[in-house]
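Hi,

Here is the structure I promised to pass on. Have a look at it first, and my notes follow below.

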Amino acid sequence: MQSMGPRTPASKTSILAVMDENRKRLGFGRDNTFVATPNVRNPAMMVEAEAFSHHLDKFERAVREYHKRVQGCVRGLLPLLDSNLPRVWLSVDEASGLAEPLRPSISHGHPSRVGGEYDMDAMNRYLDRLDRGIQEDVLLPLRRWQEGLAVAKERMRSLEKLRKEVDGHRRKAEKKFSRSEGKLRKAYLGAGYGSSSSSSSSDGDDVVPRGRLLEDYHRLAL
């Protein structure tokens, strides 16, 4: 097993570079300034989604009103189509007052019915198909989109709560990291370190404590 040689004190420049790099990697602010976890993208998307949701709500109300009016119009028309036209009666004998109706000629099978040969069962089937189409192909997708937005809002609230919890832990970790960094600065970057006036013997005596502080600092930064 090779024996480890004496630790060589790091330079002031390299220590500053290490500190700066670790702060960037860990997402810590400079000069002990805490930087909250950014969350710009999600709120921006939510603002646009809520604006779009407002337009969908208006469109859904318009579709429901349209559906209601169409159904009311056509279903109100069906009894009219199935009814008979009022007939014109002509006098046969003025003396006796007898009269007879003129025969309408709307259709051969149903000469007096307004709808003539129309198929009421087919009309009801078409109305039912229209009803299903609007419900399943228009209103249901709109509802599902709105439900998805509601789920996203709930998740956003949970995400924001989690973000605050994470930032709380990060704040504690940064304080601990800053204390370790402060000790390292004091040991490595104190007055006289690296200057020509400092004695080589005093630097050599402080190599091991500084090295241990540096090791502790790196371990904390992992």
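Of the 222 residues in the protein chain, 24% are buried, where buried means under 20% relative accessible area, exposed means over 50%, and partly exposed is in between (1.4 Å probe, protein chains only). Bear in mind that this is a predicted model, so local features need pLDDT of at least 70 and side-chain atom pairs count only at pLDDT 80 or more, while totals for chains, interfaces and linings use all residues. Residues are numbered from 1 along each chain as its sequence is written, and side-chain values use heavy atoms, with hydrogens and water left out.

**Overall layout**

The protein chain has five helices and two strands, in the order α-α-β-β-α-α-α from the N terminus. Both kinds of element are DSSP runs numbered from the N terminus: helices are H or I with at least four residues, strands are E with at least two. About 16200 Å² of the protein chain is exposed, and carbon and sulfur atoms supply 56% of that; the areas come from the Shrake-Rupley method with a 1.4 Å probe, and for residues only the protein chains shown count as cover. Among the contacts with a separation of 6 or more, 75% are between residues 24 or more positions apart (contact means heavy atoms within 4.5 Å).

**Helix 2 and what it touches**

Helix 2 has 41 residues and spans 59 Å from its first C-alpha to its last, close to the 60 Å expected at 1.5 Å a residue. That expected span is 1.5 Å times one less than the number of residues. Its buried residues are N42, M46, A49, S53, L56, E60, V63, H67, V70, Q71, L78 and L81. When you look at how they are spaced, recall that an α-helix has 3.6 residues a turn, so residues three or four places apart point the same way.

Take M46, which sits in helix 2 and counts as buried because its relative accessibility is 13%. Not counting residues up to four places away in sequence, M46 touches L149, A152, K153 and M156. M46 and K153 are 107 residues apart in sequence, yet their C-alpha atoms are 7.8 Å apart in space.

Another cross-chain pair to look at is D128 and Q71: they are 57 residues apart along the chain, with 9.4 Å between their C-alpha atoms. D128 is in helix 3 and is partly exposed, at 35% relative accessibility.

**The core**

Which residues form the largest nonpolar core? There are five: L56, V63, I134, L139 and L142. Helix 2 and helix 3 each supply at least two of them, and the largest share, three residues, comes from helix 3. A nonpolar core here is a set of buried Ala, Val, Leu, Ile, Met, Phe, Trp, Tyr and Cys residues joined through side-chain atoms within 4.5 Å. As background, nonpolar side chains tend to be buried together in soluble globular proteins.

From this core, L56 is in contact with L142, W145 and Q146, leaving aside neighbours within four places in sequence. Q146 is in helix 3 and is buried, with a relative accessible area of 11%. Leaving aside the same kind of near neighbours, Q146 is in contact with S53, L56 and D57. The side chains of Q146 and D57 are also joined by a polar contact of 3.0 Å. For a polar contact I mean a pair of N or O atoms within 3.5 Å; within protein, one must be able to donate a hydrogen and the other to accept it, and residues adjacent in sequence count only if both atoms are side-chain atoms.

**The aromatic pair**

There is one aromatic pair in the structure. The ring centres of F52 and W145 are 5.1 Å apart with the planes at 70°, so the pair is edge-to-face. (Rings of Phe, Tyr and Trp, the last by its six-membered ring, pair if their centres lie within 6.5 Å; planes under 30 degrees apart are stacked, over 60 edge-to-face, and the rest tilted.) The pair links distant parts of the chain, with F52 in helix 2 (residues 41-81) and W145 in helix 3 (residues 120-188), 93 residues apart. F52 is partly exposed at 43% relative accessibility, and W145 is partly exposed too, at 35%.

**A polar spot in a loop**

Last one: N39 lies in the loop between helix 1 (12-26) and helix 2. N39 is buried, with a relative accessible area of 19%. The N39 side chain makes polar contacts with the side chains of N42, at 3.3 Å, and E160, at 3.4 Å. Leaving aside neighbours within four places in sequence, N39 is in contact with E160 and R163.

Cheers
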